[in-house]
Amino acid sequence: MKKWYAVIGDPIGHSLSPMMHNEWFQQLGIDATYLPIHVKEEDLEAAVASMKLLGISGFNVTIPHKEKIRPFLDALDETAEKMGAVNTVVRLEDGRLKGYNTDGLGFVRSLEEVIGDTKRHEKVLLIGAGGAARGIAFALESIGYTDVTICNRTVEKAQQICAELTIPAQAISLNTASEQLDEYAILIQTTPAGMKNSQVTIPFSLEKLKSSAIVADIVYNPLMTPLLQAAQDKGATIVSGLGMFIHQGALAFEYWTKQSPDPTAVKEQLLTHLGGN
Ligand code: ATR
């Protein structure tokens, strides 16, 4: 019987997940379809119960439901528990729905696709201390990064994440980060700055950025954010958010189907779709 999958969010119309997952189903000859479903916050519990009743095989969860969905699921894996957020739900063999989070590891995979795995002992600066930064911090720690600093507008939120990490980590202000930028080998931008329609375009000046630095942004619309542009102008290596989007999806796909999709093949399609942004 044909299987079905979905992504739920509000809004959901612009999600690129259906394009990506349907392409992978087709490439791997899997008889399944993936639908975007618009779910308002007040309907979340009923929507989850309905999808479960109707036999959904798995789904992704996007803004604004990643945290609020937790009580409506039957189980959470350790990463989702630690992050306090779910982006992937898997229907287990006994029919129960289990929540996972592939965002952090998806980001790290996309980063290392570009820079390799030889920089794990270098200094990393995370910009922002929201859910995305939390996931990336834990993922960096889990694969062996040893030196993480988190800067945030609200320093207390950065301190909170640092306290939960087992590697030495420090929290600083955005100003301090900007002043000591030349200390960092890798910068990871996790705030909405630079996102289409966002009022903030860049978190801080990159005047002190080293030309040998690597600068990654989780924003992928537009692909070239003002931060990435400024970093490129300084000679730095840049990593756009599209890779994270693809890899978080590939990890979800692996949970659902036990098969690994080709992350590079859909990239062209997504780039074409985002072209001109
Ligand atoms: P997500 O779950 O997508 O990471 P979030 O939890 O709302 O989203 O976190 C957004 C991050 O962007 C936070 O670090 C936030 O800073 P605060 O903790 O001080 O709120 C940061 N952010 C959002 N708008 C910002 C702005 N205008 N200037 C600086 N930082 C901003």
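Analyst: A strand is a DSSP run of E with at least two residues, a helix is a run of H or I with at least four, and both are numbered from the N terminus. The model discussed here is a predicted one.

User: In which loop is the place of Pro64?

Analyst: Pro64 follows Ile63, and the peptide bond from Ile63 to Pro64 is cis, with omega near 5 degrees. The two elements that flank Pro64 are strands, namely residues 58-61 and residues 75-76. Pro64 is therefore placed, given how strands are numbered, in the loop between strand 3 and strand 4.

User: Which residue does a cis peptide bond join to Asn221?

Analyst: The residue lies in the loop between strand 11 (214-217) and helix 8 (226-233). Omega for its bond with Asn221 is about 10 degrees. The residue joined to Asn221 is Pro222.

User: What is the phi of Asn197, which is not a glycine?

Analyst: Asn197 is found in the loop between strand 10 (186-189) and strand 11. Although Asn197 is not a glycine, its phi is positive. The value is about 70 degrees.

User: Are helix 1 and helix 9 parallel or oblique to each other?

Analyst: Helix 1 covers residues 17-27 and helix 9 covers residues 242-257; their axes come within 11 Å and cross at roughly 50 degrees. An angle under 35 degrees would count as roughly parallel, and 65 to 115 degrees as roughly perpendicular. The angle of roughly 50 degrees falls in neither range. Helix 1 and helix 9 are therefore oblique.

User: How many charged residues are in the contact of helix 1 with helix 9?

Analyst: From helix 1 the contact includes Met20 and Trp24, and from helix 9 it includes Phe245 and Phe253. By class, there are eight nonpolar and five polar residues. The number of charged residues is none.

User: How many charged residues are in the contact of helix 4 with helix 9?

Analyst: The axes of helix 4 and helix 9 come within 7 Å and cross at roughly 125 degrees. Among the residues that meet are Asp103, Arg109 and Glu113 in helix 4, and Glu254 in helix 9. The contact of helix 4 with helix 9 has four nonpolar and five polar residues, and the number of charged residues is four.

User: In which handedness of crossing does helix 4 pass helix 5?

Analyst: Helix 4 (residues 103-115) and helix 5 (residues 131-142) pack at an angle of about 60 degrees, with their axes 7 Å apart. That angle makes helix 4 oblique to helix 5. Residues that meet include Leu105 and Val108 in helix 4, and Ile136 and Ala139 in helix 5. The crossing is right-handed.

User: Which residue has a side-chain N or O atom 2.5 Å from an oxygen atom of the ligand?

Analyst: The residues around the ligand include Ala132, Arg153 and Thr154. A polar backbone atom of Ala132 is 2.9 Å from an oxygen atom of the ligand, and a polar side-chain atom of Arg153 is 2.8 Å from one. The distance of 2.5 Å belongs to the side chain of Thr154.

Terms used: Residues are numbered from 1 along each chain as its sequence is written. This is a predicted model: local features need pLDDT of at least 70, side-chain atom pairs count only at pLDDT 80 or more; totals for chains, interfaces and linings use all residues. Side-chain values use heavy atoms; hydrogens and water are left out. Axes are lines fitted to C-alpha atoms, for helices over the stretch in contact, and angles run from 0 to 180 degrees between N-to-C directions. Angles under 35 degrees count as roughly parallel, over 145 as roughly antiparallel, 65 to 115 as roughly perpendicular and the rest as oblique. Contact means heavy atoms within 4.5 Å. Ala, Val, Leu, Ile, Met, Phe, Trp, Tyr, Cys and Pro count as nonpolar, Asp, Glu, Lys and Arg as charged, and the others, Gly among them, as polar. A residue is near a molecule or strand if one of its heavy atoms lies within 4 Å of it. A polar contact is a pair of N or O atoms within 3.5 Å; within protein, one must be able to donate a hydrogen and the other to accept it, and residues adjacent in sequence count only if both atoms are side-chain atoms. A crossing is left-handed if the near helix is turned anticlockwise from the far one by less than a right angle, and right-handed if clockwise.
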